[in-house]
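Reader: I am new to this structure and would like to learn how to read its features one at a time. Could we begin with a single residue and work outwards from there?

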Amino acid sequence: MEFLSKKAKNISPSLTLAITAKANALKASGKDVISFTVGEPDFVTPQFIVDAAAAAMKNGHTKYTAVPGILPLRQAISANLKAKHGLDYAASQIVVSNGAKHSIYNVLLALIDSGDEVIIVSPYWLSYPEMVSLCGGIPKIITTTKDNNYKVTASELKQAISKKTKAIIFNNPSNPSGIVYTKNELMALAKVLEDASIFILSDEIYDELVYTNEPPFSLASFSEKLRDKTIIINGVSKAYAMTGWRIGYTASNSALASAMDNIQSQTTSNANSIAQHASIAALTPSSNADNFLKNLKETFCKRKNLLCSLLDKMPTLPYIKPNGAFYVMLNVSQFFGKTLHGKNIKTATDFSELLVEKALVVTIPCEAFGAEEFIRLSYAVSEKDIAEGVKRIAEFILF
Ligand code: PLP
């Protein structure tokens with residue numbers, strides 16, 4: 001189509017959203033499908049948050065708000081960061097946007113000029129390279145390996161930073177791998193980053209879903225110097241089952257916050273006013289919020305343990321041991337070049353497509369995550385579906 005811009009022509013549609021839609025369509029047609037594609041908690045938004053939204057509507061909070069968000073919400077975010085990481089951010093350093101995805105895009109628009117390089121660690125969330133390219137930047141991928149459990153090392157990071165590097169996008173816990181860096185590992189990376197003249201987009205959207213005993217650690221809390229160059233990205237989508245409400249935020253230095261405020265003022269204006277009020281309820285400390293987070297985390301941890309224990313019985317499908325988020329990546333590369341159910345498997349997509357066709361199990365092939373040997377399973381599904389889904393996968397590969 002000639003009339004489309006180069007930007008529009010070059011962008012790939014979100015594979016995860018497309019496959020999820022396909023799984024939903026199969027279900028709707030009455031097929032007994034097990035879908036491991038979901039990128040959101042299978043919980044409804046808790047009632048106390050819904051009540052806060054209803055109250056906001058009743059009280060007439062239905063108008064434009066300040067572009068970077070209403071003050072009480074920015075204050076609640078600021079208090080949340082203080083409680084979690086001991087970090088002091090003024091409300092003016094917080095910008096609330098339409099989901100963390102929008103926050104990341106705002107940061108990139110504020111930082112990236114044409115030709116700037118942005119480091120992305122693979123396996124990565126598939127939207128990162130697309131967003132960098134949309135902003136005129138060049139994604140520079142660091143490919144992690146099994147030897148370091150698919151985590152980037154300080155020396156790999158050091159090597160990847162060049163004069164052209166403007167920023168790194170760092171996601172912990174990781175979508176798609178579910179890996180979580182230890183504090184010591186983060187400290188080693190922080191030392192490299194502290195000396196580099198680059199910005200750090202620290203995507204912490206899954207930080208409430210960590211199943212180790214270590215308290216959360218943000219790269220921003222390493223030192224004042226690093227904090228000034230780090231943009232914390234978070235939101236209410238995953239932790240409070242609020243994906244549809246579209247509230248994300250950044251915490252950054254003041255100059256960047258005001259640049260993003262300007263960008264947002266000329267593009268989307270404020271995030272939804274009612275959702276902002278609901279998010280105050282989510283982020284203000286309360287027993288309701290505590291109980292919800294505790295239950296969410298325990299439920300996901302139990303499912304992770306179940307899924308891993310079942311996968312442990314299938315040595316032909318090695319997987320990356322997850323400690324956070326709600327994803328597991330399975331290595332299907334030993335089937336490449338082999339025939340399964342009469343079909344030659346060459347790629348993770350071939351494997352994944354055949355799995356849907358023959359076993360009605362839907363997974364996400366990870367080529368678009370920069371990990372072509374893997375498929376991703378989300379355990380934002382019931383324990384019953386986990387057990388049935390893994391049973392079908394086992395039968396599928398033993399055939
Ligand atoms: N960052 C990562 C790593 C994600 O997986 C997602 C959502 O899937 C987001 C950001 C975006 O979250 P939001 O729904 O707040 O836009």
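Author: Let us begin with the surroundings of one side chain, keeping in mind that this is a predicted model. Leaving aside its neighbours within four places in sequence, Ser279 is in contact with Leu73, Val236, Met242 and Ile247. Ser279 itself belongs to helix α11, which covers residues 273-283.

Reader: Is Ser279 buried or exposed?

Author: The general idea is to look at relative accessible area, where a value under 20% means buried. Ser279 has a relative accessibility of 0%, and therefore counts as buried.

Reader: How should I read the division into domains, and which residues belong to each domain?

Author: A domain may be made of more than one stretch of the chain, and that is the case here: domain 1 takes in 6-44 together with 289-397, while domain 2 is 47-285. Their C-alpha centres are 25 Å apart.

Reader: How many residues of domain 1 and domain 2 are in contact, and what area is buried between them?

Author: The size of an interface is often given as the accessible area lost when the parts come together. Here the area buried between domain 1 and domain 2 is about 2,900 Å², and carbon and sulfur atoms give 65% of this area. Ile320, Asn323 and Phe369 supply 19% of what domain 1 buries against domain 2, which is more than any other three residues. Counted by contacts, 36 residues of domain 1 meet 32 residues of domain 2. As for charged pairs across this interface of domain 1 and domain 2, the rule finds 0 salt bridges.

Reader: How many salt bridges does the structure hold, then?

Author: The structure holds 13 salt bridges. One of them joins the side chains of Lys84 and Asp207, at 2.8 Å from N to O. This pair links distant parts of the chain, with Lys84 in helix α4 (residues 71-85) and Asp207 in the loop between β6 and α9, 123 residues apart. Lys84 also forms a salt bridge with Glu208, where the closest N and O atoms are 3.3 Å apart. That second pair again links distant parts, since Lys84 is in helix α4 and Glu208 in the loop between β6 and α9, 124 residues apart.

Reader: Which of Lys84, Asp207 and Glu208 are buried, and which are partly exposed?

Author: Asp207 counts as buried, because its relative accessibility is 11%. Lys84 is partly exposed, with a relative accessible area of 21%, and Glu208 is partly exposed as well, with 22%. For another salt bridge one can look at Asp88 and Lys82, whose side chains meet at 3.3 Å from N to O. Asp88 is partly exposed at 49%, and Lys82 is partly exposed at 40%.

Reader: How should I read pairs of aromatic rings, and how many are there?

Author: One considers both the distance between ring centres and the angle between the planes; with centres within 6.5 Å as the rule, the count comes to 12 aromatic pairs. Tyr206 and Tyr327 form an edge-to-face pair, 5.7 Å centre to centre and with 85° between the planes. Tyr206 lies in the loop between β6 (199-203) and α9 (224-229), and Tyr327 in strand β9 (residues 327-331), so the pair ties together parts that are 121 residues apart in sequence. Phe326 and Tyr327 form a tilted pair, 4.8 Å centre to centre and with 50° between the planes. Phe326 is buried at 0% relative accessible area, and Tyr327 counts as buried at 1%. These residues belong to one aromatic cluster, formed by Phe43, Tyr206, Phe292, Phe300, Phe326, Tyr327 and Tyr379.

Reader: Where does a charged end sit over a ring?

Author: The charged end of Arg227 sits over the ring of Tyr89, 4.7 Å from its centre. In another case, the charged end of Lys151 sits over the ring of Tyr181, 5.6 Å from its centre.

Reader: Finally, which peptide bonds are cis?

Author: Omega is the angle to look at. A cis peptide bond joins Asn172 and Pro173, with omega about -10°, and the bond from Asn175 to Pro176 is cis, with omega near 25°. Pro173 lies in the loop between β5 (165-171) and α8 (183-195), and Pro176 lies in the loop between β5 and α8.

Note on methods:
Residues are numbered from 1 along each chain as its sequence is written. This is a predicted model: local features need pLDDT of at least 70, side-chain atom pairs count only at pLDDT 80 or more; totals for chains, interfaces and linings use all residues. Side-chain values use heavy atoms; hydrogens and water are left out. Rings of Phe, Tyr and Trp (its six-membered ring) pair if their centres lie within 6.5 Å; planes under 30 degrees apart count as stacked, over 60 as edge-to-face and the rest as tilted. Helices (H or I, at least four residues) and strands (E, at least two) are DSSP runs, numbered from the N terminus. Buried means under 20% relative accessible area, exposed over 50%, partly exposed in between (1.4 Å probe, protein chains only). A charge sits over a ring if NZ of Lys or CZ of Arg is within 6 Å of the ring centre and within 35 degrees of the ring normal. Domain bounds come from an automatic or database domain assignment. Contact means heavy atoms within 4.5 Å. Buried area is the accessible area (1.4 Å probe) that two parts lose on being put together, summed over both. A salt bridge is a side-chain nitrogen of Lys or Arg within 4 Å of a carboxyl oxygen of Asp or Glu.
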